[in-house]
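Trainee: I am new to this structure, and I would like to go through it with you step by step. Could you show me the sequence and the model before I ask anything?

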Amino acid sequence: MYWISVLFLIAMFVPLSLSLICMPYLTRETVSFGVSVSEAVYHSAPLRRMRRQYVWTSSVAYGVLLIACLLAMLIVPEKQQPSIISGFVVLLIAASAVINLIFYTKMKRYKATLPQETLNPSVVAVDTSFRSGNKLVWSNKWFLIHGAVALISAALALAYYDKIPDTLNMKFNWQGEVTRTAAKSYRTVLGLNLMQLVMIGIFMTTNWSILRSKQQLDPANPQQSVRRNAAFRRRWSMFNVAAGLMMVLLFSFVQYNMIYPLSREVMMLVSLMMPILIVVLAIVLAFSTGQGGRRIGGPSSGSGATHVVNDDKYWKLGNVYFNPQDPALFVEKRMGIGWTVNFGRPGAWIFLVGILAVIIIAARIAS
């Protein structure tokens, strides 16, 4: 089943690599490689050249990795292909981190050479009616659909419990061969429903974090900025709801296969294509919105001299936000699309550790 591994590799990692390559063009125009700048500086010739250099550097690096991975998969036995793909993922992450660090350092050095008059003073724009006057996310009530799917799946599993084989296939390799089995029990059968409920809780928490994340508005164009930011949150909230439903349906499909076993090829295809579809949709949404909604509604109507908050000291390596004085728990990423946590707040650590603990406990119970 070599073709399935190749299909998965290309369909999953080509869009992901493309999003990493185009990262400098998706961030806000007041951030360059994790460093705060004005729009005028962002659009200057040196930074345009730097962005082009980033595209070429990352394109070559990721392209070489992908070709090497495909060649390795032709040489090694099929049973070793998962190790090749895992190694490729690790190398892709490592290459991305190194490239980002190189250009972050380069950007910091360039900013230090700029005349002081090109660096606008820090200005903060706050809209006190931002959350009350705008629909920022889809209601968590939509997750009642997800919960209904999980409950119906559990009910059907119980109703057809006698039709389920006494030995359940729990884990498969890339060839679709069973690598781990478990004796049938209510715990193993309903374990998938438990994982569905955990996933629903995580997606609901993500939706809540989108709503509660710190607002970041443009003082030069506050009204346009508010519209874009609100639309940005709504679109990603909608994606969050849709992706959650797709994952819940995938687990229900796996549970259905316990009752009425399907062919190995169908199981592999559905199990691979659903995550791939989610990744592709995320990439499309990232390119259509940009960070903070900068790509929504056409080009900015600003003068190109937008004032920015120069808070670089709180962003470690341009990626990790650590500011104990900031009460916000969730903030926009500097590199990439979406949000991150304020690691300077104890609540952020509790939030991350809590999610990880719930996943680990649920996985142990389900297995």
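The questions and answers below go from the whole chain to single residues.

Trainee: Before the details, how many helices and strands are in the protein chain?
Mentor: Please keep in mind that this is a predicted model. Of the 367 residues of the protein chain, 47% count as buried, and residues 24 or more positions apart account for 73% of the contacts with a separation of 6 or more. As for the elements themselves, the protein chain has eleven helices and eight strands.

Trainee: Which helix supplies the largest share of the largest nonpolar core?
Mentor: The largest nonpolar core has 41 residues, and those with the most contacts inside it are Ile164, Trp236, Phe239 and Met247. At least two residues of this core come from each of α7 (143-159), α8 (186-212), α9 and α10 (264-289). The largest share, 14 residues, is supplied by α9.

Trainee: Leaving aside its neighbours within four places in sequence, which residues is Met247 in contact with?
Mentor: Met247 is one of the residues with the most contacts inside the largest nonpolar core. With neighbours within four places in sequence set aside, the residues in contact with Met247 are Met199, Phe203 and Ile278.

Trainee: Are α7 and α8 roughly parallel or roughly antiparallel?
Mentor: Two packed helices are described by the angle between their axes and the distance between the axes. Here α7 and α8 pack at an angle of about 180°, with their axes 10 Å apart. Angles over 145 degrees count as roughly antiparallel, and therefore the relation of α7 to α8 is roughly antiparallel.

Trainee: Why does Asn229 count as buried, and what is its relative accessible area?
Mentor: Asn229 lies in helix α9, which covers residues 222-259, and its side chain is joined to that of Arg233 by a polar contact of 2.7 Å. Buried means under 20% relative accessible area. Asn229 counts as buried because its relative accessible area is 0%.

Trainee: Lys111 lies in helix α5; which residue's side chain does a polar contact of 2.8 Å join to the side chain of Lys111?
Mentor: Helix α5 covers residues 81-113, and Lys111 counts as buried because its relative accessibility is 11%, where the cut-off is under 20%. A polar atom of the Lys111 side chain lies 2.8 Å from the backbone oxygen of Ser36, but that atom belongs to the backbone of Ser36. The polar contact of 2.8 Å between side chains joins Lys111 to Asp312.

Methods:
Residues are numbered from 1 along each chain as its sequence is written. This is a predicted model: local features need pLDDT of at least 70, side-chain atom pairs count only at pLDDT 80 or more; totals for chains, interfaces and linings use all residues. Side-chain values use heavy atoms; hydrogens and water are left out. Helices (H or I, at least four residues) and strands (E, at least two) are DSSP runs, numbered from the N terminus. Buried means under 20% relative accessible area, exposed over 50%, partly exposed in between (1.4 Å probe, protein chains only). Contact means heavy atoms within 4.5 Å. A polar contact is a pair of N or O atoms within 3.5 Å; within protein, one must be able to donate a hydrogen and the other to accept it, and residues adjacent in sequence count only if both atoms are side-chain atoms. A nonpolar core is a set of buried Ala, Val, Leu, Ile, Met, Phe, Trp, Tyr and Cys residues joined through side-chain atoms within 4.5 Å. Axes are lines fitted to C-alpha atoms, for helices over the stretch in contact, and angles run from 0 to 180 degrees between N-to-C directions. Angles under 35 degrees count as roughly parallel, over 145 as roughly antiparallel, 65 to 115 as roughly perpendicular and the rest as oblique.
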